[in-house]
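Here is a short reviewer's note for a first look at this model. Keep the structure open beside the text and find each residue as it comes up.

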Amino acid sequence: MSQFLQPTILLLREGTDTSQGRAQIVSNINAVQAVADVVKSTLGPRGMDKMIQTGPKVTISNDGATILNLLEVVHPAARVLVDIAKSQDDEVGDGTTSTTLLAAELLKEAKPFIEEGIHPQIVIQGYRKALELALEKLEGFSINISKDSKESKRDTLIKCAQTALNSKLLANTKQFFSELVVSAVEKLDPNILDRDLIGIKNVTGGNITDSFLVDGVAFKKTFSYAGFEQQPKRFENPKICLLNLELELKSEKENAEIRIEKPEEYQSIVDAEWALIYEKLEIIVKAGAQIVLSKLPIGDLATQYFADRNIFCAGRVAQEDLLRVQKATGGQVQTTVNGLNPETFGTCGLFEEVQVGAERYNLFKNCPQSRTATIVLRGGAEQFIQEAERSLNDAIMIVRRCFKANKIVAGGGAIELEISRFLRHYARSVTGKTQYIVNSFAKALEVIPRTIAENAGLNSIEIMNKLRQKHAQGGEEGRWYGVDINGASGVCDTHQSFVWEPTLVKRNALCSATEAACAILSIDETVKNPKSDQDTKMKPKGQPGRPPMGMRR
Amino acid sequence: MSLAFDDYGRPYIILRDQGQKKRMKGLEAYKSNILAAKAIANTLQSSLGPKGMDKMLVSPDGDVSVTNDGATIVEKMEIQHPTAKLLVELSQSQDAEIGDGTTGVVVLAGKLLEQALTLLDKGIHPLKISDGFDRACDVAIKHLEQIAEEIDIQANDHEALIQAACTALGSKVVSKRKRELGKIAVTAVLDVADLTRKDVNLDLIKIQTKTGGSVEDTRLISGILIDKDMSHPQMQKEVTDAKICLLTCPFEPPKPKTKHNINISNAEDYNKLYQQEQQYFIDMVKLVKNSGANIALCQWGFDDEANHLLLQNNLPAVRWVSGTDVELIAMATGARIIPRFQEITPEKLGKAGSIKEVQFGTSNERMLVIENCQCTKAVTILIRGGSQMIVDEAKRSIHDAICVIRNLIKDNRIVYGGGSAELACALQVLQYADEVSSVEQYAVRSFADALEGIPSCLADNCGLNPITSVAQAKSRQLSEKNPRIGIDCMDLGTTDMKEQRIYETLSSKKQQIQLATQVVKMILKIDDVIAPDDY
């Protein structure tokens, strides 16, 4: 009877939601499925876009990471998916959708085991084992391109970029853009390949193929004062002075106050202030600078002063642009003009201000230490360019990765199927429950080709059967068969049709998908604290940042 | 979005504010997007062509504007629907790049979407449709380049340019005066154009509006017009052989930028201070006068004392000239902008043939005209008209015309208007369609149908029977192998657009077709819309 007398122990705050046990795992798996379903239709060359409205802003995207991010997922388990998509995006930049799908599919395959009472840890162990084997095989299958000649390597990189662009809005102009991207990446320092040094600038208007690459830096004309138009707009081999300094007539210190006792002193104070600014300007001119760029404002006085002396200037240049100019021209950003040394000036082959669409752009071309490039994107609508920018970003990341890793595999689901075939084969040699689990892993991998086929409106069952048959022959022959969205048969050798991807993308996708699946499987209890008071008070007012309903937007 | 339940009957909350979000998927999403976009296109449809109608738009503040410029209409409609917004941007990007044809591009996009809708109903995959459109677009563009003709812009006193400007102005409210306005626009552009580099900086053409008078009174000033008058009513109203001093400092005692206090402890100091201030004014005027300047334009204000002194010294002056005007004047007169009185030198002065104050009508408003500038690069078009609305619309129309001329200077190839170019492309695309063996064939054919929508819309707006006139034009194009047959909107008795002299630039037509296809492709690629459920 003693158990009835046990007092209730209140361990958690009132309102705390706890759920545990097998039901919890299953529920988490279902949540993950729901999220993965949203991005499912974006996979592959016939993948569709999503339009997501958050507040007044509308985003149209095909990029898995972008979509998941904008969905504002709050379910704790489903958030894991968002995180792996983001990590894939940060790490390799592409393949975010396939990672998400793979993780969800692995969980889906694990669900029956959990329901039947197999301990989650066994499933996890099985998955880890399968992953290990899969990665080993992936390395084995991948094709090394490091020994290729420069031209053929470039060709390979272009092919990889094309594969990345296949599913995007730019698919029809992929030839054009892949070459653009590869040329941009080739400009970078091959040892570091800093992504930040490729700038992408958007200018609405014009056709998408009017986009162009500047081997140097380009940025939009900054805010200018009267007198700017009188400055020269074109230089060859100019001396470029980079500053982080305000060139304006203003008080030196914010809170200083001057007491003037005698009227005669008045003029001297005024003169002193003018002398300060003139001194700065004079030093710059004397040092021989022809272009002056500053992160901080360059006032009207300085603008006119420079105009008088045939010097071009631009104030309020964005930090990243200034940084790129610095890299490209070999100059150094100065925070003071005292002791300004002409050695800190950069130079470039040609500086020009040109009209791009409705905007004017400053172009720095043919830079001597050109380790930077800028892509100027054109296109009809704002959203179009933004999506184009995201797509190019993916392509740049892929090319960068490929440049470094030098290993590629064939896409279109071919590599997944080949690993799947191998794992199925291997599973037969395993005793115990692991056999099932490795088999499920193999089955989960098939989600990639299956979804590509489904999205293209093909009969996925028929295609999967054809593909399995091709791969089952083993050896080199059927290894690279994947989904073909154009041909009549629906399958083709994707290696020959140049659907190539860097091995690294696949490797990372496999790893992070498995890790995420394992993480979700190992959670058997969620303790969710009630929302803090502050949060519930905020709630009826709607989300911060969104204007109340009925207001004009 | 509806709630999902797991196997144990517990509801999920996966997304934040899930209940307040709306989600549309698949066919439902395509259709809703297409219908929204089509609604915009339908609004603009009646504004197309020379007999197109105007729209009256009332802003939230009650301002009324009447226009038939596509970009302006959609901008002022304040559209909220996300897909429809894409069309707004489409129109604006045509405006930014070409400046003309903003209505046409939206109407074409609408026609394409209409065709896409029927294809979707047939069960064709949206991406197949967009592929087909893309291929058709390439064919159409190639054909456009083939039928385009190069014109000599110099010949016959720039007759071709004037005709092209007239075409652009033909659909506007000012069409009655299109010849005169066209000439003004052409002269203005040629004045500032750099013909060797084929570049026109539109910033150098200033368009100034003034209500009153009629559209006929619109004129071109080969110089600059500023909406200011002399700082003192008694100053002389006209200066010939002006030497202009451009100042960016006020006619006031200089002030240090640092916060300052003057402590006056006795009457002697006070007097001294007063005298010093007086001395400043005298010095300033003297400095200006000594440099040889006979007029001063200042970006800032004058002290009353200074104003008086200027008058006494017979030095006309203008105050509060805006920064952009200062820059324009500097460019046109070769002046240097002077930031400090101490720096005035004779070399820094700008020169102009005459500066005079002109008065309009019976109103008291006056403006300054600066003419015969030393290095005349800037010109001004002064637009007059009965009401603010007409003046505004005339300004937009002239802007369109200027853009057309600029584009012709950049690229002197033209196609003929009146729907003839679209018809010719449609025929070519139709022919190509039969060569396509896959599903895209249907999409290609629909593209041709959509292109035909433009002439049919033109005919409709002119009160002609759209089907008969398009059919006639089409058969004549085919039988006579003449791609210049279009719709006779003006009822001139000929359908040959070469005889009617309806010129449009190739770049504008090309851009229209390309941009419309691009946006349609984008709309067709969206299969999922997630939005807050509150509009």
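1. Start with a cut-off. A residue counts as buried under 20% relative accessible area, as exposed over 50%, and as partly exposed in between. A:Glu72 has a relative accessible area of 23%, so this residue is partly exposed. Bear in mind that the model is predicted.

2. Now look at the backbone of A:Glu72. Its phi is near 55 degrees, a positive value in a residue other than glycine. Most residues other than glycine have a negative phi. Where does A:Glu72 lie? The place is the loop between helix H3 (64-71) and helix H4 (76-91) of chain A.

3. A:Asn237 makes a second case. Here phi is near 45 degrees, again positive in a residue other than glycine. A:Asn237 belongs to the loop that links strand S8 (234-236) and S9 of chain A. Is A:Asn237 buried or exposed? Its relative accessible area is 54%, so A:Asn237 is exposed.

4. Go back to helix H3 of chain A, which holds A:Leu70. Leave aside neighbours within four places in sequence. A:Leu70 is then in contact with A:Ile52, A:Thr54 and A:Thr59. Take A:Ile52, which is 18 residues from A:Leu70 along the chain. The C-alpha atoms of these two residues are separated by 7.2 Å.

5. Next comes strand S9 of chain A, residues 239-243. This strand is mostly covered, with four of its five residues buried. Which strands does S9(A) pair with? One is S11 (residues 291-294) of chain A, parallel to S9(A) and joined over four bridges. In that pairing, A:Cys241 stands opposite A:Val292. Another is S13 (residues 333-334) of chain A, also parallel, with two bridges. There A:Leu242 has A:Val333 as its bridge partner. S14 (residues 346-347) of chain A runs antiparallel to S9(A), again with two bridges. A:Lys239 faces A:Thr347 across that pairing.

6. Turn to the nonpolar cores. In soluble globular proteins, nonpolar side chains tend to be buried together. The largest core in this model has 121 residues. Those that touch the most other members are A:Leu392, B:Ile129, B:Phe133, B:Val429, B:Phe447 and B:Leu451. Helix H4 (residues 102-121) of chain B gives the largest share of this core, eleven residues. Apart from this core lies another, of 89 residues. Among its members are B:Leu246, B:Leu328, B:Ala401 and B:Leu408.

7. Zoom in on B:Val429. Setting aside neighbours within four places in sequence, its contacts are B:Ala136, B:Val139, B:Ala140, B:Val444, B:Phe447, B:Ala448 and B:Leu451. Of these, B:Phe447 and B:Leu451 also appear among the core residues that touch the most other members.

8. Finish with the interface. Contact between the chains takes 91 residues from chain A and 79 residues from chain B. The buried area is about 7,700 Å². Carbon and sulfur atoms give 50% of that area. How many salt bridges cross between chain A and chain B? The rule finds six. A:Lys50 forms a salt bridge with B:Asp528, and their closest N and O atoms are 2.7 Å apart. Polar contacts between the chains come to 15 residue pairs, both residues at pLDDT 80 or more. On the side of chain A that touches chain B, helix H9 (residues 263-287) of chain A gives the most, with ten residues.

Methods: Residues numbered from 1 in each chain as written. Chains lettered and ligands numbered in written order. Predicted model: local features only at pLDDT ≥ 70, side-chain atom pairs only at ≥ 80, totals over all residues. Heavy atoms only, no water. Core = buried A, V, L, I, M, F, W, Y, C linked by side-chain atoms within 4.5 Å. Buried < 20%, exposed > 50% of the residue type's maximum accessible area, 1.4 Å probe, protein only. Contact = heavy atoms within 4.5 Å. Pairing = 2+ DSSP bridges. Buried area = accessible area lost by both parts, 1.4 Å probe. Salt bridge = Lys/Arg side-chain N within 4 Å of Asp/Glu carboxyl O. Polar contact = N/O pair within 3.5 Å; in protein donor to acceptor, adjacent residues only side chain to side chain.
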